[in-house]
Amino acid sequence: MKYTKTKPVKSGYKLTKFQRHLRRNPYAEPVRLCPITETALPKFFLQSFNLMAHPETGEPWFVPTGLESKVPDTAAEPPPDAADEPNQSTPKAEAIPSESSESTATEMDKDGTAHAAKLAGSHSHPPTKQNTNNKPRIGPSAYVLSYQPLFQEFERHERSPYKKGYKRLGWMSDHGHNKLGSALNKAQWRADMDAFLLELMRRRVVEGLAHFARLVEEEGRGYVVRCERWDDVFGIKHRGCLLYLGPAEDGQVEEYVPPRLSKIDIPGARYGKVIAVHNLRMVLGEEHQARLREQSKLFREGSLFLLGRQATVKLQMSLWKLQGYIADDEQEAADSGTPTPAPTTTDKTSVGETRDPQGPRATATMNRIDAKRRNVDHRKKQFADPVFKETQYPHRLNFYSAPPTADITLEQFEQWAIDRSRVLAELEACSFRNKTPAETAAHMKPLLDKYLPLDSTSSGSSQLHAQRQKDHYSHFILRLAFASTEDLRRRFTRVETMLFRLRFQTDDSRERAAFVRTLNLDWEPVSEEEKRELAQQLGATLAAGHGGKRGGPGVMDEDWCKVDWTRVPDLVETRKVYLRGGMAYVPGREQQSMVLNAFTKRLEEALELTSRALPNLDEDDRLTPILNHLSKNFIAPDSGYTNAGSSAIEGAEISARNIDNLSQHFPLCMSHVHRTLRRDGKLKHFGRLQYTLFLKGIGLSLEEALVFWRTGFRAVSDDTFNKEYRYNVRHCYGDVGGDSNRRSGGYSPFGCQKILTEHAPGPGEAHGCPYRHFTIDNLTTLLRATGVTDPAVLKGVKEDTEAQRYHIACNRVFEHLHKTELKRAKDEGIMTAAQLETIVHPNEYFKRSYLLKHLDKAPKGERDVKMEGS
Ligand code: SF4
C-alpha cells in the first residue's frame, strides 16, 4: 500500500495550482511497471492481479482485481459464455463463473481465507488494516499491460517470448526476497484469461452505462444525452464521449457506421475540441449491446448518445481501457489477407471514415487479433480506411452534410468548381450592388441556367442526377479551395448561403417541405387544436410581423411550428414569434430564416473542420494547384493589394511628391481624406489607417510613405511625428510588430465593404465612404468640388444613396468622370460591360481610373483592367 494512496492534505495547507490540476486529472495515478513488457503506465491502464487461494483446492491462482461488480444483486445477469478454447486440464473452478461468483478477488476470498492464511504461512502479507474489504491476499499486487494479445500469447505461442510470461508476475513485488517462492512457482493461470478479462470489462461498462441511464430516466440527470444527429453534439455543453449503438430498430438503415474508435472535432470549443466516438456494438459485442438495451429504455430508443459530466469520468476511462485492451489493426489484417480466426467479440461490423462522421460508408469486417502481428503501430493505424458508396440525391436542395464519394475526372473537378465560383462571384457582386432579392433572382437566372442548373424533381428532367451531382461536387471542391483563411471562409459561407436562399425560395413548395423534414431540425408542428386555443396570441404575432397590420394568411392557414426559444434568438429579438413555456411559436414564413441559419451554422462548422484537414492535401500535386488557382481567383477584395509595389502600375510614378497629382484618380473616400490632410496638416487615427493602407495598395513604398506622412503632418514637430505616428505607418507595412504582422506584410488595404460597414466616422474624422456617411447636401458639395456638376449624375447619386446603393453611386460617378475613355476602351475591346459593374475596392477604382486616363501610355498587359478576383 506504500504508494497507492494520495497523501492526505494537512489542514491549513493550500494546494498549488499545479497540484490542483494534477488532482483533477483522472490519469494522474501512480505509474506502475509491467514486468513482462516493461511498459510503465499509470496503473489504471494496467491490469492488476493478486495471488489468491483456490476455494476448493487451496492452490494459489492469479486473480484479476479491480473489476468487481458494483451492483449488489446481479443474479439476473446470465452467466457469460465459456472461453473460446476451453482447456480440458483447467480445473472446474476455472470456467468463467457467473456474475454472482466472478472470480475476482472479492468473491474468491470469501472462501479462501483459510487457504490464504495457510499459503501465506510465515511470509509477510497477512490481511492488513489497509485492506479495507478485509479480504486476505497472498503477496502484493502485480500489474500487467492491459492488452488482450499479450494474454493470448501467454498460452498460445510456443516460440513466443511471452509464453507463460505470467510466471514472472509477482517476482518483482517479492523484491527478490523469495518469500513467495513456492506460492509463485505453483501459481496457476486461467487458460482463457484474455476472454475472461474482456468479459469482465464489458460487464462493468454495461453496468456503468445502465446505471447512468437509470439516473437519467428516473431523476432527469444529464449524464447521457440522446443525439438525433452527429452534429447535435456541438450544441451540448457537457461533452465526454460519444457512444454509437447502431440503429434503434431492426431493419433501420444505418447512414454511417463509425469505426470501433474514432473522434469528432468540435469547432469553436474552448476545451474538449476533440471527443472520442466509441462504437459500442464493436466494443461491447452484440450480446452486451443487446443486454444494455434490454436494461435501459434510454439506450433502446436511440442509436447515438453523448456521455458527459464529471461523475461519468471513471466510466469514460473504463471505455478507454477496454478500447486499449481490444485495440488492433483491423485494416492491416484485411490488407495482408491474413486468415482470421473466429472473432473474439462477435464483432462483425462496419467500419467507416474517421474524420467526418456524417458520411455514409460501406462495411468491412473486424477480426480477431493475430498476436504474431506485433509490429503494428496502433497510434497510427487505429482508424480504418473508408470504403465508399454512391451518393443519392432525392432532393433538389442540399445541406451538403455528406461529402461526395464517387470518382470524377480532374477536368470535371476543375470545370465544375470554376462554374460554381462564377455563379458565386456574380451573386456577391449583386450584393455589392445592393440589388433587391427580386433583381438578384432575375439577374442570376440565366447564369444559373448556364453554369449550375438544378431542376426540381417534379420537372422529370433526365439530367437530375447529373445536375445535383455537379452541384454537390462543386460545393465540396470550393470548400477545399476556400477553407484556408478566415476571410475566405466567411466570404464563402456568405455567398453559399445566398445561393441556398435563392434556390430555397424558388423551390417547389412540396419538395421544399419534404427536404426540410429530412433535416431533423427538431421542430414540433403546432396542432390545429393548439392553434385554435392560442388564436388570439398567434394572430397578434402575425400582425406584428406585418408591421402591425392585419393581412396575409390567417392563424389557422399559417404553418406554425414550435421550438426551444434559444434556437431563434433573432426572431425573439424582433418579436416575430410568440413565446410560451420556453417555446417559441414560429410562423411558416419565418421558418425559412431558421433553415438558412441552420445552413450557415453547419457550413461554418464544416469549413472549420475542412481547414484543419487542409494540410493533408499539401502533398497532392494534382489537386493543390487547381485549388490554389481557384482560391486566388476568388480572392477577397481586401487582400488583393497586400504588399506595396505588388500592385503598382507599371510606368506610374508612385512617390510622396506625386501623390497630389495622382489624387485625381482617387475615389471620393480617399480624395476626401487627402484633401482633409492637406487642409488641416493632420488626420485622426482611422483616417490615417484607411489612407496609409490605400497608398500602400497603390504601390507607395514604406520609405516614401514615411516621407509623405512627415510632410503631410506639417502641424507637428519631428519629435512628435517620430514618437506618435512613425510607428503606426511602419506597422501598417509589416515593418514592425509581432511575427505574424511581419510575415503577412502588415495590413491589407480596406475594401469598400469594410469602409462602408465598419467604424463610421465621428466628428472631426475624415474616413469612411462619403456616399454612405455624408448627408446628401455635403455629398453634393463634395462631388461638385471634384468636378461632378452634371445635374443628372447628381440626381442619380442622390437616388442611389437614398436607396442605400452606395456602390452604384460610386460607379456612376466613375463612369461619368471616365466617359470618353470608357467608350474608347469598350470600342477597342479592352473592357467588358460586366467588368465595369464591380468596383468594390478603392484601389481598384484608382487602378482602373489611372489606366483609363493613360490608355495610350499603358503597356498592353496593363491595359486589361480586369477586376481582381473576377
Ligand atoms: Fe470609396 Fe468604395 Fe465608397 Fe467608392 S464606394 S467612395 S470606392 S468606399
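The following is a conversation about how the descriptive terms applied to this predicted model follow from its computed values.

Biologist: What does the protein contain overall, and how much of it is buried?

Modeller: The secondary structure comes to 36 helices and 14 strands, and buried residues make up 50% of the 870 residues. Among contacts between residues at least 6 apart in sequence, 71% join residues at least 24 apart.

Biologist: Why is Asp 507 called buried?

Modeller: The relative accessible area of Asp 507 is 7%, and buried means under 20%, so Asp 507 belongs to the buried class. Asp 507 lies in the loop between helix 14 (486-506) and helix 15 (509-518), and, leaving aside neighbours within four places in sequence, Asp 507 is in contact with Arg 396, Leu 397, Ser 456 and Arg 512.

Biologist: What makes the pairing of Asp 507 with Arg 396 a polar contact?

Modeller: The two side chains make this contact at 3.4 Å, and the cut-off for a pair of N or O atoms is within 3.5 Å, so the value satisfies the distance limit.

Biologist: How do you know that helix 11 and helix 14 are roughly perpendicular?

Modeller: The axes of helix 11 (residues 410-432) and helix 14 cross at roughly 90° and come within 9 Å; since 65 to 115 degrees counts as roughly perpendicular, the term therefore applies to this pair. The residues of this contact divide into 9 nonpolar, 1 polar and 6 charged, and among them are Val 423 and Leu 427 of helix 11 and Val 495 and Leu 499 of helix 14.

Biologist: Why, then, is helix 11 called roughly antiparallel to helix 12?

Modeller: Helix 11 and helix 12 (residues 437-451) pack at an angle of about 175°, with their axes 10 Å apart, and because angles over 145 degrees count as roughly antiparallel, the pair receives that name. By class, their contact has 7 nonpolar, 2 polar and 3 charged residues, including Val 423 and Leu 427 in helix 11 and Leu 447 and Leu 448 in helix 12.

Biologist: What makes the buried residues of helix 24 line one face?

Modeller: In helix 24 (residues 702-712), Leu 702, Ala 705, Leu 706, Phe 708, Trp 709 and Gly 712 are buried, and, seen down the axis, these buried residues fall within an arc of 160°, so they line one face of the helix. An α-helix has 3.6 residues a turn, so residues three or four places apart point the same way. The face turned away from the buried side of helix 24 carries the exposed residues Glu 703 and Thr 711, whereas the buried residues pack against several helices, including helix 22 (668-680) and helix 23 (685-698).

Biologist: Is His 672, which lies in helix 22, buried or exposed?

Modeller: With a relative accessible area of 15%, His 672 falls under the 20% cut-off and is therefore buried. Not counting residues up to four places away in sequence, His 672 touches Ala 766, Phe 774 and Leu 782.

Biologist: Why is Arg 309 called partly exposed, and why is Arg 575 called exposed?

Modeller: Arg 309, in the loop between strand 10 (304-307) and helix 8 (313-326), has 38% relative accessibility, and because partly exposed lies between the limits of 20% and 50%, that term fits Arg 309. Arg 575, in the loop between helix 18 (569-573) and strand 13 (578-580), has 67%, and since exposed means over 50%, Arg 575 counts as exposed.

How values were computed
Residues are numbered from 1 along each chain as its sequence is written. This is a predicted model: local features need pLDDT of at least 70, side-chain atom pairs count only at pLDDT 80 or more; totals for chains, interfaces and linings use all residues. Side-chain values use heavy atoms; hydrogens and water are left out. Helices (H or I, at least four residues) and strands (E, at least two) are DSSP runs, numbered from the N terminus. Buried means under 20% relative accessible area, exposed over 50%, partly exposed in between (1.4 Å probe, protein chains only). A polar contact is a pair of N or O atoms within 3.5 Å; within protein, one must be able to donate a hydrogen and the other to accept it, and residues adjacent in sequence count only if both atoms are side-chain atoms. Contact means heavy atoms within 4.5 Å. Axes are lines fitted to C-alpha atoms, for helices over the stretch in contact, and angles run from 0 to 180 degrees between N-to-C directions. Angles under 35 degrees count as roughly parallel, over 145 as roughly antiparallel, 65 to 115 as roughly perpendicular and the rest as oblique. Ala, Val, Leu, Ile, Met, Phe, Trp, Tyr, Cys and Pro count as nonpolar, Asp, Glu, Lys and Arg as charged, and the others, Gly among them, as polar. The arc is that of the directions from the helix axis to the C-beta atoms.
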